[in-house]
Amino acid sequence: MTSTPFPVASRAAAASSSTTLGATPAAEALPAPDDHAVIGFLQRWYAYGGGRSEDILVEFGLSTTQFFTRAKDLLESKAVRVDPAVADAMLTVCRKRLWLGQ
């Protein structure tokens, strides 16, 4: 197994380890802690265009397309609580970055 300089966990491993016997459906519906980190990062950087691609890669191990797709999905599904005006501005940044491909 090769190691990477970035701590990247596979989604399958994370999903299987988070599902335990006796887990309730309500517990599974809660957003993952890293979802809050994605939205927190975007809240800090949306006023400046959403942050640098390099920072996104280092902090989350995601490409900008993956990051902004995930953030957009979280905001549109209202999986995390964000002020509606801020959420609209953050969605605008997500859509712009996805449209530009950066």
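Helix axes here are lines fitted to C-alpha atoms over the stretch in contact, and the angles between them run from 0 to 180 degrees between N-to-C directions. Helices (H or I, at least four residues) and strands (E, at least two) are DSSP runs, numbered from the N terminus. This is a predicted model, in which local features need pLDDT of at least 70 and side-chain atom pairs count only at pLDDT 80 or more, while totals for chains, interfaces and linings use all residues. Residues are numbered from 1 along each chain as its sequence is written, and side-chain values use heavy atoms, with hydrogens and water left out.

**View 1. The whole chain, for orientation.** Welcome to a chain with six helices and zero strands, which reads α-α-α-α-α-α along the sequence. Of its 102 residues, 25% are buried (under 20% relative accessible area; exposed is over 50% and partly exposed is in between, with a 1.4 Å probe and protein chains only). About 7100 Å² is exposed, and carbon and sulfur atoms supply 60% of that area (Shrake-Rupley method, 1.4 Å probe). Take the contacts between residues at least 6 apart in sequence: 60% of them join residues at least 24 apart. A contact means heavy atoms within 4.5 Å.

**View 2. Helix H4 against helix H5.** Here H4 (residues 53–60) packs with H5 (residues 64–77) at an angle of about 75 degrees, and their axes are 9 Å apart. That angle makes H4 roughly perpendicular to H5 (65 to 115 degrees; under 35 is roughly parallel, over 145 roughly antiparallel and the rest oblique). On the H4 side, look for Ser53, Ile56 and Phe60, which meet Thr64, Phe67 and Phe68 of H5. These contact residues divide into four nonpolar, two polar and no charged. For that count, Ala, Val, Leu, Ile, Met, Phe, Trp, Tyr, Cys and Pro are nonpolar, Asp, Glu, Lys and Arg are charged, and the others, Gly among them, are polar.

**View 3. The aromatic cluster.** How many aromatic pairs does a search of the whole structure find? There are six, where rings of Phe, Tyr and Trp (its six-membered ring) pair if their centres lie within 6.5 Å; planes under 30 degrees apart are stacked, over 60 edge-to-face and the rest tilted. One of the pairs is Phe41 with Phe60, edge-to-face at 5.5 Å centre to centre, with 90 degrees between the planes. Phe41 sits in helix H3 (residues 33–45) and Phe60 in H4, so this pair ties together parts 19 residues apart in sequence. Both rings belong to buried residues, with relative accessible areas of 2% for Phe41 and 16% for Phe60. Phe67 and Phe68 are also edge-to-face, because their ring centres are 5.0 Å apart and their planes lie at 90 degrees. Phe67 and Phe68 are buried too. Ring pairs link Phe41, Trp45, Tyr48, Phe60, Phe67 and Phe68 into a cluster.

**View 4. Gly49 and its distant partners.** Find Gly49 in the loop between H3 and H4. Gly49 is partly exposed, at 31% relative accessibility. Setting aside residues up to four places away in sequence, Gly49 touches Val93 and Arg97. Its C-alpha atom is 8.8 Å from that of Cys94, although the two residues are 45 apart along the chain.

**View 5. Lys78 in a loop.** Is Lys78, in the loop between H5 and helix H6 (84–100), buried or exposed? Lys78 is exposed, with a relative accessible area of 68%. Its backbone is worth a look as well: phi of Lys78 is near 60 degrees, a positive value in a residue other than glycine.
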